[in-house]
Amino acid sequence: AQVKADYKVSTQHKSLTSWITTIAFAIVVAVVGTFAYRLGAAYNIPYGLFLTLLAVGMSSFMAGVRGNIWHIFAHGAVSIGITWEMALSSTSTSTVVALGGSSLITYWSQHCSLYWLYGIIVVHLVVMFLPARWTKAFQD
């Protein structure tokens with residue numbers, strides 16, 4: 001009976017830790033990604049967008065490895081919510097997500113923001129519909 005009780009506590013602790021880790025990574029990916037996605041856009045080489053969407057995909061995939069589809073969903077809800085909140089909470093004098101302006105002259109400097117805002121949604125949907133055996137391969 002003692003072994004089962006220890007196992008139950010250990011499983012609950014692991015579950016709580018995995019949820020906290022998932023939410024923490026979602027917050028970090030959203031905030032860092034929102035500030036880094038424009039790297040290279042002014043020179044028409046959007047390496048920042050590519051790297052941030054790759055980081056979102058990897059973080060979301062690892063959320064699925066830590067838990068299940070609900071971890072991926074929570075990761076998506078938190079990171080998408082924070083990203084869009086940062087985009088929509090800008091004022092006329094201070095903006096985090098640039099959606100237009102006379103200084104945006106290249107294709108990627110004009111459209112990178114839209115690719116970031118919608119790309120983070122698409123990446124989470126793609127990860128959500130990956131085969132479950134892919135995440136199971138990384139679990140212990």
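User: Which atom does a side-chain oxygen of Asn68 reach at the start of α3, and what makes this a polar contact?

Analyst: The oxygen of Asn68 comes to within 3.0 Å of the backbone nitrogen of Trp70. A polar contact is a pair of N or O atoms within 3.5 Å; within protein, one must be able to donate a hydrogen and the other to accept it, and residues adjacent in sequence count only if both atoms are side-chain atoms. The distance therefore lies within the cut-off. The model is predicted, so local features need pLDDT of at least 70 and side-chain atom pairs pLDDT 80 or more, whereas totals for chains, interfaces and linings use all residues. Residues are numbered from 1 along each chain as its sequence is written, and side-chain values use heavy atoms, with hydrogens and water left out.

User: What makes up the secondary structure of the protein chain?

Analyst: There are five helices and zero strands, in the order α-α-α-α-α from the N terminus. Both kinds of element are DSSP runs, numbered from the N terminus: helices are H or I with at least four residues, strands E with at least two.

User: Why is the length of α3 said to agree with expectation?

Analyst: The expected span is 1.5 Å times one less than the number of residues. For the 20 residues of α3 (residues 69-88) this gives 28 Å, and the end C-alpha atoms are 28 Å apart, so the two values agree. In α4, 22 residues reach 30 Å from the first C-alpha to the last, close to the 32 Å expected.

User: Where does α4 bend?

Analyst: The bend is at Gly119 and amounts to about 35°. This angle lies between axes fitted to the seven residues ending there and the seven starting there.

User: Why is Ser113 called buried?

Analyst: Buried means under 20% relative accessible area, exposed over 50%, and partly exposed in between (1.4 Å probe, protein chains only). Ser113 has 0%, and so is buried. Ser113 belongs to α4 (residues 107-128), whose buried residues also include Cys112, Trp116 and Gly119. The side chain of Ser113 makes a polar contact with that of Tyr37 at 2.8 Å. The C-alpha atoms of Ser113 and Val97 are 6.1 Å apart, with their positions 16 residues apart in sequence. Of the 140 residues of the chain, 35% count as buried.

User: How do you know which class Phe129, Val96 and Asn44 belong to?

Analyst: Phe129 has 69% relative accessibility and therefore counts as exposed. Val96, at 29%, is partly exposed, and so is Asn44, at 38%. Phe129 lies in the loop between α4 and α5 (132-136), Val96 in the loop between α3 and α4, and Asn44 in the loop between α1 (2-36) and α2. Asn44 has a positive phi of about 65° although it is not a glycine.

User: What makes the group that includes Leu51 a nonpolar patch?

Analyst: Patches consist of residues with over 30% relative accessible area and no salt bridge (a side-chain nitrogen of Lys or Arg within 4 Å of a carboxyl oxygen of Asp or Glu). Like charges are joined within 9 Å, and nonpolar side chains (Val, Leu, Ile, Met, Phe, Trp, Tyr) within 5 Å. Leu51, in helix α2 (residues 47-66), has 47% relative accessibility and so is partly exposed; that value is over the 30% cut-off. The patch is formed by Leu39, Tyr43, Ile45, Tyr47, Phe50, Leu51, Leu54 and Met58, with about 910 Å² of accessible area together. Such areas come from the Shrake-Rupley method with a 1.4 Å probe; for residues, only the protein chains shown count as cover.
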